[in-house]
Amino acid sequence: MQFQFVELTAHQKTKYPPHTSGTPKQEAEKVILLFLCPKSGRKEDVHLPCPHCKITIIKRSNNESAVSAAAYQSGEKLFSEYDQEQKYYPYKNEVTHKEILLPPHVPPEYADRNTLWNSAEAQEKQWNSQLARRFVLAIPREIPSEQHADLIRDYCREFFVSKGMIADFAIHDKGDGNPHAHILLTMRAMDEKGKWLPKCRKVYDLDGNGERIRLPSGRWKSHKENTVDWNDQKYAEIWRQGWADTANRYLEANDRPEHLDLRSYARQGIEKIPTVHMGPAVCQMEKKGIQTNIGNLNRDIKAANSLMQSIRQMLDSAEG
């Protein structure tokens with residue numbers, strides 16, 4: 001069986017220093033320690049698109065604002081009627097595209113960002129109201145930048161706008177290899193006259209004879225039902241898989257071998273330790289050569305994965 005050395009990162013070299021004498025025995029030990037793989041049949045790792053897909057709810061109980069979120073992702077100056085403040089993030093200069101997608105029945109005035117999100121917030125009277133749903137998606141950098149808007153537009157139309165949601169999206173790209181999209185979605189349905197519809201409705205409980213049930217208090221027994229099912233937990237999985245499918249269609253159309261898979265390693269049947277999402281701040285520090293705790297942790301995880309893969313390959317070769 002033939003072996004070849006795998007090039008280590010600077011961090012791995014400090015954790016696994018090479019032997020100095022260079023004797024055959026020590027070099028053989030180095031083969032195992034420094035993650036040598038069988039040369040025959042060894043495959044280079046294919047870069048996989050970043051699987052980042054974060055879904056959150058903008059809540060008033062967290063002192064969050066849909067108008068502020070829209071200003072952040074669009075780079076526009078927006079005035080919040082709720083707190084009478086202008087929302088503006090002047091450093092957001094990486095916005096390459098922004099767009100609002102309306103369902104066919106929604107009046108066109110809601111294509112104005114300030115009108116849309118102030119109107120959406122005005123419907124919510126509770127201190128803990130849910131104001132908007134927010135997505136942050138990493139766009140595979142293998143997809144040409146001129147196709148990014150079409151990619152996000154196709155995704156939003158298929159999974160959100162077709163269901164009655166208004167989608168406000170923006171694409172951010174600093175040219176540093178980390179293009180991503182922000183999407184804001186409305187939480188209420190709207191009729192063709194521009195009226196926001198209730199999130200839920202009161203439904204009276206009925207007995208076996210189809211009659212309403214009176215409580216000891218004299219009131220009729222009832223419960224609330226959602227008018228739309230957009231908050232159903234099943235959609236988190238549907239939307240994540242839908243994003244992977246949409247992105248993969250674009251990768252295939254560009255004859256790319258990469259494939260986006262948002263499932264965990266365990267669900268994919270892959271015996272690897274997942275790395276930790278670093279976020280933009282940590283990524284910038286790492287690119288400047290500043291080592292971070294998360295970066296070091298991920299390097300250790302990658303080293304451990306390489307070692308486990310090498311051991312499995314050697315065991316497979318020995319059993320074969």
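Hi everyone, one bit of vocabulary before we start: Ala, Val, Leu, Ile, Met, Phe, Trp, Tyr, Cys and Pro count as nonpolar, Asp, Glu, Lys and Arg count as charged, and the others, with Gly among them, count as polar. We'll need that when we come to the pockets. Please also keep in mind that what you see above is a predicted model.

Let me begin with the overall picture. The protein has 320 residues, and 37% of them are buried. Its secondary structure comes to nine helices and 11 strands. If you take the contacts with a separation of 6 or more, 64% of them are between residues 24 or more positions apart.

Now, on to the sheet. Five strands form an open sheet in the order β3-β7-β9-β8-β6, and the pairing is antiparallel. Which strands sit at the edges? They are β3 and β6, the latter covering residues 95–101, and each of them pairs on one side only. On average, neighbouring strands of this sheet are turned by 15 degrees against each other, if you ignore direction. There is a helix on this sheet too: α6 packs on it and touches β3 and β7, with a direction that makes about 135 degrees with that of β3.

Let's stay with β7 for a moment, residues 130–138. On one side, seven bridges join it to β3, and the two run antiparallel. β7 also pairs with β9, residues 180–185, again in the antiparallel sense, over six bridges. As a general reminder, strands of a sheet pair through backbone hydrogen bonds, either parallel or antiparallel. A nice residue to click on here is leucine 137 in β7, which is the bridge partner of cysteine 53. Leucine 137 also has a bridge partner in β9, namely alanine 181. And how many of the nine residues of β7 are buried? Seven are, so the strand is largely enclosed by the rest of the structure.

Next, the empty spaces, which I suspect is what you've been waiting for. The second largest pocket holds about 180 Å³ of space. It is lined by 13 residues, and the closest to its centre are Ile55, Ile57, Arg133, Ala236 and Trp239. Two elements give two or more residues to this lining: β3, residues 53–59, and α6, residues 234–253. So much for where it sits; what about its chemistry? By class, the lining has seven nonpolar, three polar and three charged residues.

There is also one cavity of 30 Å³ or more. The largest cavity has a volume of about 40 Å³. Its lining is made of Ala120, Gln123, Glu124, Gln130, Leu131, Met187, Arg188 and Trp196. Sorted by class, that gives four nonpolar, two polar and two charged residues.

Let me turn to a few single residues in loops, starting with some backbone angles. Most residues other than glycine have a negative phi. Asparagine 63, however, has a positive phi, near 60 degrees. You'll find asparagine 63 in the loop between β3 and α3, the helix at residues 66–74. Is asparagine 63 buried or exposed? Its relative accessibility is 75%, and the cut-off for exposed is over 50%, so asparagine 63 counts as exposed.

Glutamine 84 is another non-glycine residue with a positive phi, near 55 degrees. Glutamine 84 lies in the loop between β4, residues 78–80, and β5, residues 85–87. With a relative accessible area of 54%, glutamine 84 is exposed.

I'd like to finish with lysine 92, in the loop between β5 and β6. Why does lysine 92 count as buried? Because its relative accessibility is 11%, and buried means under 20%. Leaving aside residues up to four places away in sequence, lysine 92 touches Tyr72, Gly75 and His172. If you'd like a distance to check on your own screen, try the C-alpha atoms of lysine 92 and glutamate 76: the two residues are 16 apart along the chain, and those atoms are separated by 9.0 Å.

That's my tour, thanks for listening!

Technical notes
Residues are numbered from 1 along each chain as its sequence is written. This is a predicted model: local features need pLDDT of at least 70, side-chain atom pairs count only at pLDDT 80 or more; totals for chains, interfaces and linings use all residues. Side-chain values use heavy atoms; hydrogens and water are left out. On a 1 Å grid over the protein atoms alone, a cavity is a set of points where a 1.4 Å probe fits but cannot get out, and a pocket is an open set with protein on both sides within 12 Å along at least five of seven lines; lining residues have an atom within 4 Å of a point. Grid points are joined across faces, edges and corners, and a volume is the space filled by probe spheres set on the points. Helices (H or I, at least four residues) and strands (E, at least two) are DSSP runs, numbered from the N terminus. Two strands pair if DSSP finds at least two bridges between them. Axes are lines fitted to C-alpha atoms, for helices over the stretch in contact, and angles run from 0 to 180 degrees between N-to-C directions. Contact means heavy atoms within 4.5 Å. Buried means under 20% relative accessible area, exposed over 50%, partly exposed in between (1.4 Å probe, protein chains only).
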